[in-house]
Amino acid sequence: MTESGGRTLLIGATGMVGGAVIANAGALSLTVLVRREMDDLPEAHALLVAPPERWADIIAVERPRVLISCLGTTIRQAGSEAAFRAVDHDLILAAARGARMAGATQMIVVSSVGAAAKSRNFYLRTKGETEDGLRALGFERLDILRPGLLMGDRAGPKRMGEGIAIAAAPLADALLHGSLRRYRSIPGETVARAIVALAGNAQPGVRIHENDAMRRLAD
C-alpha cells in the first residue's frame, strides 16, 4: 500500500465513466481501488485491489485529498433492489466516510439526472438518498454529476432496452429544450473530462452539474 496522502482516489474504475477518467487524467495522479486486478492501468497511477468490504478502511489509510466515485450499477445487473442499493448507496457512502474521516476535502460522485430522495422511482430515490448522505458528511467541496443516458462503449453484453434508448437518443435529445435539456444523453467521456476538470477545486460548497454544465467543464 502506498503513502498517497493528497492523491486523488478513484472507485468505479472499471465502468465506462471510470475508465474514461483514467484515460483522460492527464497530469492528475490517481490511486485506483478495485475489486479485481486491472492489466492496463498506466504506470502514472497506483493500483489497489481489495474486496469492497475493506474499501472504507483502505481509503482511510490512503488518506486521499479527493475521492471520485464512478460506481454505479442497475437493478437488473445487480440482481435485486437490495443488491443495487448495496452498491449505489451503501458502498459509496462507506467509501466516502472512510475518506472524510481521513481528512479528504473533496468528493466527486456520478449520480443520475432526476435523483431525489423523495422520488417514487426506486432507482432515483436511492441515488437521491446517496446524495443526501454525502452532503451530511460535510466535505468542504462536494461535486454531484447528474448525467442522463450515458453514450459510449460499455463492458459486457448490450441490453435490449439500452440499445433502443441509444438508437433513439439523437431524436429524443432534439426534442428536449429549456429545463428539459438536463435529460439529454451525454457521452461517458464528456462526464469523465468534467470530473478531471473538477478534481482539486478548492472552492467550497455543494455543486450540482447537469448536462450543459458537464459539457462546459469538459471543453
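In the predicted model, helix H7 is largely enclosed by the rest of the structure, because eight of its 11 residues are buried. The buried positions of H7 are Gly-188, Thr-190, Val-191, Ala-192, Ala-194, Ile-195, Val-196 and Leu-198. An α-helix has 3.6 residues a turn, so residues three or four places apart point the same way. Beyond the end of H7 comes Gly-200, which has a positive phi, near 90 degrees.

Two of the buried residues of H7, Val-191 and Ile-195, recur in the description of the largest nonpolar core. This core holds 30 residues, and the members that touch the most others are Leu-10, Val-17, Val-21, Val-32, Val-191 and Ile-195. Two or more residues are given to the core by each of H1, E2, E4, E5 and helix H7, the last spanning 188-198. The contribution of H7, six residues, is the greatest.

Strand E1, residues 8-11, is covered on both faces. Thr-8 and Leu-10 are buried on one side of E1, and Leu-9 and Ile-11 are buried on the other. E1 pairs with strand E2 (residues 30-34) in the parallel sense, over four bridges, and in this pairing Thr-8 stands opposite Leu-30. A parallel pairing over four bridges also links E1 to strand E4 (residues 66-69). Here Thr-8 stands opposite Val-66. Thr-8 therefore has a facing residue in E2 and, being one of the residues on a covered face of E1, has under 20% relative accessible area. The connection from E1 to E2 passes through helix H1 (residues 16-23), and the three elements make a right-handed β-α-β unit.

Within E2 lies Thr-31. Thr-31 has a relative accessible area of 0% and is therefore buried, the cut-off for burial being under 20%. The C-alpha atoms of Thr-31 and His-45 are 5.8 Å apart in space, while the two residues are 14 apart in sequence.

Strand E6 (residues 141-145) is likewise largely enclosed by the rest of the structure, because five of its five residues are buried. Arg-141, Asp-143 and Leu-145 occupy one covered face of E6, and Leu-142 and Ile-144 occupy the other. E6 runs parallel to E5, to which five bridges join it. E6 also runs parallel to strand E9 (residues 205-209), again through five bridges. Asp-143 has a partner in each of these pairings: Ile-108 stands opposite Asp-143 in the pairing of E5 with E6, and Arg-207 of E9 stands opposite Asp-143 as well. E5, H5 and E6 form a right-handed β-α-β unit.

E5 and H5 also take part in enclosing a cavity. Rolling a probe the size of a water molecule over the atoms shows where empty space is left. The count of cavities of 30 Å³ or more comes to one, and the largest cavity has a volume of about 40 Å³. Its lining consists of Asp-88, Ile-92, Val-109, Val-110, Ser-111, Lys-127, Thr-130 and Glu-131. Helix H4 (81-101), strand E5 (106-110) and helix H5 (122-136) each supply at least two of the lining residues. H5 provides the largest share, three residues. By residue class, the lining comprises three nonpolar, two polar and three charged residues.

Two loop positions were also examined. Lys-118 is located in the loop between E5 and H5. With a relative accessible area of 82%, Lys-118 is exposed, since the cut-off for this class is over 50%. Lys-118 and Gln-203 are separated by 85 residues in sequence and by 29 Å in space, C-alpha to C-alpha. Arg-63 belongs to the loop between helix H2 (55-62) and E4. Its phi is near 55 degrees, a positive value in a residue other than glycine. Arg-63 counts as partly exposed because its relative accessibility is 38%, which places Arg-63 between the cut-offs of under 20% for buried and over 50% for exposed residues.

Technical notes
Residues are numbered from 1 along each chain as its sequence is written. This is a predicted model: local features need pLDDT of at least 70, side-chain atom pairs count only at pLDDT 80 or more; totals for chains, interfaces and linings use all residues. Side-chain values use heavy atoms; hydrogens and water are left out. On a 1 Å grid over the protein atoms alone, a cavity is a set of points where a 1.4 Å probe fits but cannot get out, and a pocket is an open set with protein on both sides within 12 Å along at least five of seven lines; lining residues have an atom within 4 Å of a point. Grid points are joined across faces, edges and corners, and a volume is the space filled by probe spheres set on the points. Ala, Val, Leu, Ile, Met, Phe, Trp, Tyr, Cys and Pro count as nonpolar, Asp, Glu, Lys and Arg as charged, and the others, Gly among them, as polar. Buried means under 20% relative accessible area, exposed over 50%, partly exposed in between (1.4 Å probe, protein chains only). Two strands pair if DSSP finds at least two bridges between them. A crossover is right-handed if, with the strands pointing away from the viewer, the path from the first strand over the helix to the second runs clockwise. A nonpolar core is a set of buried Ala, Val, Leu, Ile, Met, Phe, Trp, Tyr and Cys residues joined through side-chain atoms within 4.5 Å.
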